[in-house]
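Ready for a few exercises? Have a look at the structure below, try each task yourself, and then read through the solution.

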Amino acid sequence: MSEAVIGTSEAAIGNGAAGPDKRAAIEVRAVEKRFGNVGIIRDLNLSVAQGERHAIIGPNGAGKSTTFNLISGHIKPTSGEVRLNGDLISGLQPFEINRRGLSRSFQVTNVFARMSVWENVRCAVLWATGHRYAFWKNVDSLPEVRERTAQILDDIHLTHRRDVPAGLLTYAEQRELEIGITIASGATVVMLDEPTAGMSNAETERAVALIRRLTEGKTLVIVEHDMSVVFGLADRISVLVYGHIIASGTPQEIRRDPKVKEAYLGEEAH
Amino acid sequence: MTTAATSTPKMKAAAGGHVRFYGIWLIGIAALLVLPMIFSSGGSLTSFSLIGIAIIFALSYNILLGQTGLLSFGHAVHYGLGGFAACHMMNAVVSHGWPIPLPFIPLFGGLGGLVFAIIIGWVMTKRAGTVFAMISLGIGELVASSSLILRSVFGGEAGITTDRTALPKMLGWSFGPQIQVYYLIAFWLVLSAIAMYALTRTPLGRICNAVRDNPERVQFIGYDPHVVRYLAFCFAGFFAGIAGGLAAINFEIANSAYLGAIQSGLVLFSSFIGGVAYFFGPILGAILVTYLQLGLTNVTGVWQLYFGIIFIGIVMFAPGGIAGLLMMHRPLVRAGTLWTVIPSYLVAIVPTVALACGVILTIETVARYSSGDPINLFGIAFNPTSPVTWIAAAVLVVGGSFVARLTWRRIAEAWDRAATVARDRGYLA
């Protein structure tokens, strides 16, 4: 408990640098999430600047995925507020948040299993291209939809698998498709939940290059366990322990931070 | 109904696909036109008319089950309300002398189904899965029992009767003879089938599939699955109403049986047996189920038992339905390995038919034991009280199943070999 209290002051200092900037891509302020009596997230403060690549790290069960769910609207905070580009989004439905330009992927592959790779990406393109619930247009004769889908398939190197049902792809391919669906809407804020989990070294390298290229000029929030990925990709890192951010800073600052070493990296290295 | 390919390197394949795609539809339309000329008896015309109505109904159901993943136990509500709407409209046209000829009446049936879907759908489609299934069951029972109570609208037990020939003539057709009604149904069948297929090719139609596969993820690509389900529900209600309107024209009556649980069960049954994963699946299912329903009732008193056995068999052994079984063979046809499987099919036919005969004989023996009515199985007469029949049934069931299982295993082996080759040649993922 005493550790957590110290953590609070640390986080406050860490976030103090960013401040309540109205133009921050994501601003999480004093968010709390309780399931019954259990507080999963306590006094969460997080600020991600425009165009920043921000990694959230922390031991298993720290609440990283819950943080993602809170920001993307999958679950609602018990208290506190979340802002996207300065607008309050906490309490909105996931699709409303998505329409405002925030897109996320999932830790467990979450694609449209019985639909082809092409259809998976195309579905993710449809809303952003303004076709919404249209039932009077032929989906195959929408040039901008076709071009954008083809472009994304090309980007994620799955053009040769376009007609394969997503459920039949290899694991690594499904992870790539997951990223493709996430970026397809052209969202300016992209959140990736452990995009390289379960991948081999070669696959991880490929995926990181892919993420770096596809999120060029966008704001990226990433949850990741692989430290080489985190320190290679992120501009800033936040460390989440027991539902609370104990430190937030550049990779160098995080490496040097004694609290982080104790609470997380130390544990990792035994 | 192949999905039209869209990329440039596949232009040639796409052109071939287009020819085949339109070819299938044209063959279907031609068959509808020609069928009554080949089978012109009154009985077959009635059967064709019923099958046409059943196809529209089953296709409308598949907008829910196959396309959007909504299992409804009350789809007949829209069918029935469409029927009542059509009957009331026909009577109103006659009594007010409105210049609306009969061919437009199914549209009012559709509107009847649609209006009810618009009113009730928003609450119903809030959740999918079991919640939706249970609510649909409840609404179905509610409307069915209301139809017996609200006599002014539903006519109580007797229902609402009408006279289709009293409406203004169109192109000199009175729609008295069944053949004219058949062509009216065929016309609406083609129109509805094209519209429902086109719906699957729209942005909404594609997102319906996405909602079916993964409603959670749909929320993170900008769509509200509730809205998607609601729109699908409204379309399904509209086309079910058209089917109900056609039924009202065909029978010149609408009553509570139209919107009851039996009707709802039949359409679920048809769609599932046909195969919900493909657009044409429910068409096959509706044809087969309607045909069996009309045919089996004349042959045996326990026809519902056979329905049940077929349904269980499909659910257990071919969850993709008839369409799924057929489409399984497509990669083999493309890879040119289908011929390696055919011989094992042929070998399996005899023991499988023997097993089926044994099962039929057993069922009929049990069903007719007390009455002693003779069983006529493919021209051979059996006495249900005679031990000879019992022994024959036992031999067929035991021997048939023993040999049949061996031949089925051979099919599986041949199939595996053919599929491996197809996979190597890149036709199977």
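Here are six short exercises on this predicted model, each with a worked solution.

**Exercise 1. Work out which stretch of chain A should not be read in detail.**

Start with the overall score: chain A averages a pLDDT of 88, and 89% of its residues score at least 70. Next, look at residues 1–21 of chain A, where the pLDDT is below 50. Where pLDDT is low, the predicted coordinates should not be read in detail. So keep that in mind for the 24 contacts that residues 1–21 make in the model beyond near neighbours in sequence.

**Exercise 2. Describe the side of chain A that touches chain B.**

Count the residues to begin with: the contact takes 37 from chain A and 25 from chain B. Then ask which elements of chain A give two or more residues to this side: they are helix H3 (94–99), strand S6 (102–104), helix H4 (117–126) and helix H5 (143–155). The largest share comes from H4(A), with 5 residues. Finally, sort the chain A side by class, and you get 20 nonpolar, 8 polar and 9 charged residues.

**Exercise 3. Lay out the open sheet of 4 strands in chain A.**

Write down the order, S2-S1-S4-S5, and note that the pairing is antiparallel. Now find the edges: strand S2 (38–48) and strand S5 (87–88) of chain A each pair on one side only. Zoom in on one pair, S1 (residues 26–35) and S4 (residues 79–84) of chain A, which are joined by 5 bridges. In this pair, A:Glu32 stands opposite A:Ser79 in S4(A).

**Exercise 4. Do the same for the open sheet of 6 strands in chain A, and find which helices lie across its strands.**

The order here is S6-S7-S8-S3-S9-S10, with mixed pairing. S6 and strand S10 (244–249) of chain A have a single partner strand each, so one side of each has no neighbour in the sheet. On average, neighbouring strands of this sheet are turned by 15° against each other, direction ignored. For a parallel pair, pick S7 (residues 189–193) and S8 (residues 219–223) of chain A, which share 5 bridges. A:Val189 has A:Thr219 in S8(A) as its bridge partner.

Now add the helices. Helix H2 (residues 64–72) of chain A lies across S3, S6, S7, S8 and S9 of chain A, at about 150° to S7(A). Helix H6 (residues 171–184) of chain A lies across S6 and S7 of chain A, at about 160° to S7(A).

**Exercise 5. In chain B, decide whether H11(B) and H12(B) are parallel, antiparallel, perpendicular or oblique.**

Take the axes of H11 (residues 261–274) and H12 (residues 281–299) of chain B: they come within 6 Å and cross at roughly 120°. That angle makes H11(B) and H12(B) oblique to each other. Their crossing is right-handed. Among the residues making the contact are B:Leu266 and B:Phe269 of H11(B) and B:Ile283 and B:Leu284 of H12(B). By class, the contact has 10 nonpolar, 5 polar and no charged residues.

**Exercise 6. Repeat this for H2(B) and H10(B).**

The axes of H2 (residues 42–68) and H10 (residues 225–251) of chain B come within 9 Å and cross at roughly 170°. Angles over 145 degrees count as roughly antiparallel, so H2(B) and H10(B) are roughly antiparallel to each other. B:Ile53 and B:Phe57 in H2(B) are among the residues that meet H10(B), whose side includes B:Phe239 and B:Leu246. To finish, split this contact by class: 17 nonpolar, 5 polar and 1 charged.

Definitions and conventions:
Residues are numbered from 1 along each chain as its sequence is written. Chains are lettered from A and ligands numbered from 1 in the order in which they are written. This is a predicted model: local features need pLDDT of at least 70, side-chain atom pairs count only at pLDDT 80 or more; totals for chains, interfaces and linings use all residues. pLDDT is the predictor's confidence in each residue, from 0 to 100. Two residues are in contact if their C-beta atoms, placed from the backbone, lie within 7 Å. Ala, Val, Leu, Ile, Met, Phe, Trp, Tyr, Cys and Pro count as nonpolar, Asp, Glu, Lys and Arg as charged, and the others, Gly among them, as polar. Two strands pair if DSSP finds at least two bridges between them. Axes are lines fitted to C-alpha atoms, for helices over the stretch in contact, and angles run from 0 to 180 degrees between N-to-C directions. Angles under 35 degrees count as roughly parallel, over 145 as roughly antiparallel, 65 to 115 as roughly perpendicular and the rest as oblique. A crossing is left-handed if the near helix is turned anticlockwise from the far one by less than a right angle, and right-handed if clockwise.
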